[in-house]
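Colleague: I would like to go through this model with you. I will ask how you know each thing.

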Amino acid sequence: MLDPARAAPQGLVNPDGAPATKRFDVYRNNVAVSLTEALETAFPVIAKLIGAENFKKVAGVYLRQHPPSSPLIMFYGDRMPDFLAGFAPLQHLPYLADVARLEQALRRSYHAGDAAALDAAILQELPADRLMTARLEMAPAVHLIRSRYPIHQIWRFNMEQGAPKPAGQGENVLITRAEFDPQMTTLLPGGGTFVAAILSGRTFGEAVEAATAQVPGFDLTQTLGVLLGTAAIIRLNEEQDR
Amino acid sequence: MLDATSHRFDKLPDAPGVGYKPQHFSDLLDAPGPVAWLEIHAENYMGDGGRPLAQLRHLAERFPISVHGVGLSIGGEAPLDRDHLARLKHLLGWLNPASFSEHLAWSTHDSHFLNDLLPLPYTKATLDRVCDHVDEVQNAVGRRMLLENPSTYLAFEETTMPEVAFLDEIARRTGCGLLFDVNNVFVSATNQKTDPLSYIDSFPLDQVGELHLGGHDEDQDETGAPLLIDSHGREVVDPVWALYEHTIARGGPKPTLIEWDTDVPDWPTLRAEAERAAPMLAAALA
């Protein structure tokens, strides 16, 4: 169906009984166009980075290699980051895959389940020894994208008027959703390691340890401030609850 | 998932409705005009939460909602996708809409979803299969569904039954209702060189729970014959309005949807289509 080089199936006819080649192509074209549009909606920054015409060509290759496996077209494009990472003509733009990961995570966050934020007082009032062995549970809309490239700056430069030109090193981008709109925050060094540890189910103490091992002056207060200020944490689970 | 909705609209009114687009949310609530109900595509509301479901919950307090599925592939050879059926059951259970409909078409092949509504041949074998699928859907979701007549661009040599007889038989056997898309009748009749009026006059309109109107694009096939494409990207054309008036004169007024899914216009432009349908419905009621 998606291969334009293949002939139309036998037995499809126009009103005069002749083979309906162009008529079949209408369906073929509808499928390709609608999936291309779905990918354009999903990856606007990738489209800007490589140009709209190039994006259509890339989408054409992608949709034939990875047609949707589900009718939930709003999530179509899950494999785009890995596809871009391995797509030879775009190897001169090595950050594309991570930018696509960021766009995919924003979309997932937008549709994620709703959850009420943890009352900060619960965290603040817990004795330190109990806090260290507790586990923080993040909202379903929370994602962390860690990259060797300044992907948040790249995203902003392409989507926000007047945003500065991307510069500098890799970024750890935290995605949160206090209400309906996903919000991005670039975490300070160590913050990415801390949040990654929390998201992988490690205890508060283990996450602090991992972040401090990486960045001796790791600023826990700042990172916790971001998490509490963006409704990222929804529960604090102590061992005895489990 | 949000709490289940609390309203209960038992049925769609015999009035104009529109396909809901999120960019119209505020304008629609401020100035609905004659728009008395809304249709959503089921697949767009199968996320877990966030703005889409919150908006839908809000709209459902005020408007009867019709849930229109585009992803079940009821006309396909493959068994129905059980995961998708479960998602649909969940959405319908949560929303408790006034109506649920799907298409006489297929879209899944080799586990790939093709995101278009593809036609099927009308034979005894495909009839049995579609009836099994409709039974399965209605049993799974626990409610009656409406099945929509397709727009077609070509025909199958193996077809042995007229489309109207095929749909009529499905409704008889499964107890499902029908959704009658007037633009699809016009598009298919033009493309197949058949008479749209005789299609309408032979259609079991007493089984129809909803009418659709939408715009199409005009093209030609390689022989120069007209080829209309069901794009839902512009105003309903005059000949389709005329067929619509014929339909409601014969079958009585019915809930009537304006579909506009690509190149979606601003709210006043979409509402103007509903405003055009309203007096025709009123005339059919008189």
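Colleague: Which residue follows helix 8 of chain B, and what is the sign of its phi?

Modeller: G252(B) follows helix 8 of chain B, and its phi is positive, near 85 degrees. Helices are DSSP runs (H or I, at least four residues), numbered from the N terminus. This is a predicted model: local features need pLDDT of at least 70, side-chain atom pairs count only at pLDDT 80 or more, and totals for chains, interfaces and linings use all residues. Residues are numbered from 1 along each chain as its sequence is written, while chains are lettered from A and ligands numbered from 1 in the order in which they are written.

Colleague: How do you know that the span of helix 8 of chain B agrees with its 14 residues?

Modeller: The expected span is 1.5 Å times one less than the number of residues. For residues 238–251 of chain B that gives 20 Å, and the end C-alpha atoms are 20 Å apart, so the two agree.

Colleague: Which residues of helix 8 of chain B are called buried?

Modeller: V240(B), L243(B), Y244(B), T247(B) and I248(B). Buried means that 20 or more other C-beta atoms, placed from the backbone, lie within 10 Å of the residue's own.

Colleague: What puts them on the same side of helix 8 of chain B?

Modeller: They cover an arc of only 130 degrees around the axis, which puts them on the same side. The arc is taken from the directions from the helix axis to the C-beta atoms.

Colleague: What does I65(B) touch?

Modeller: Among others, W37(B), L38(B) and P97(B), not counting residues up to four places away in sequence. Contact means C-beta atoms, placed from the backbone, within 7 Å.

Colleague: How many residues does each chain give to the contact?

Modeller: Chain A gives 32 residues and chain B gives 36 residues.

Methods. Helices (H or I, at least four residues) and strands (E, at least two) are DSSP runs, numbered from the N terminus. A residue is buried if 20 or more other C-beta atoms lie within 10 Å of its own, exposed if 12 or fewer, and partly exposed in between; C-beta atoms are placed from the backbone. Two residues are in contact if their C-beta atoms, placed from the backbone, lie within 7 Å.
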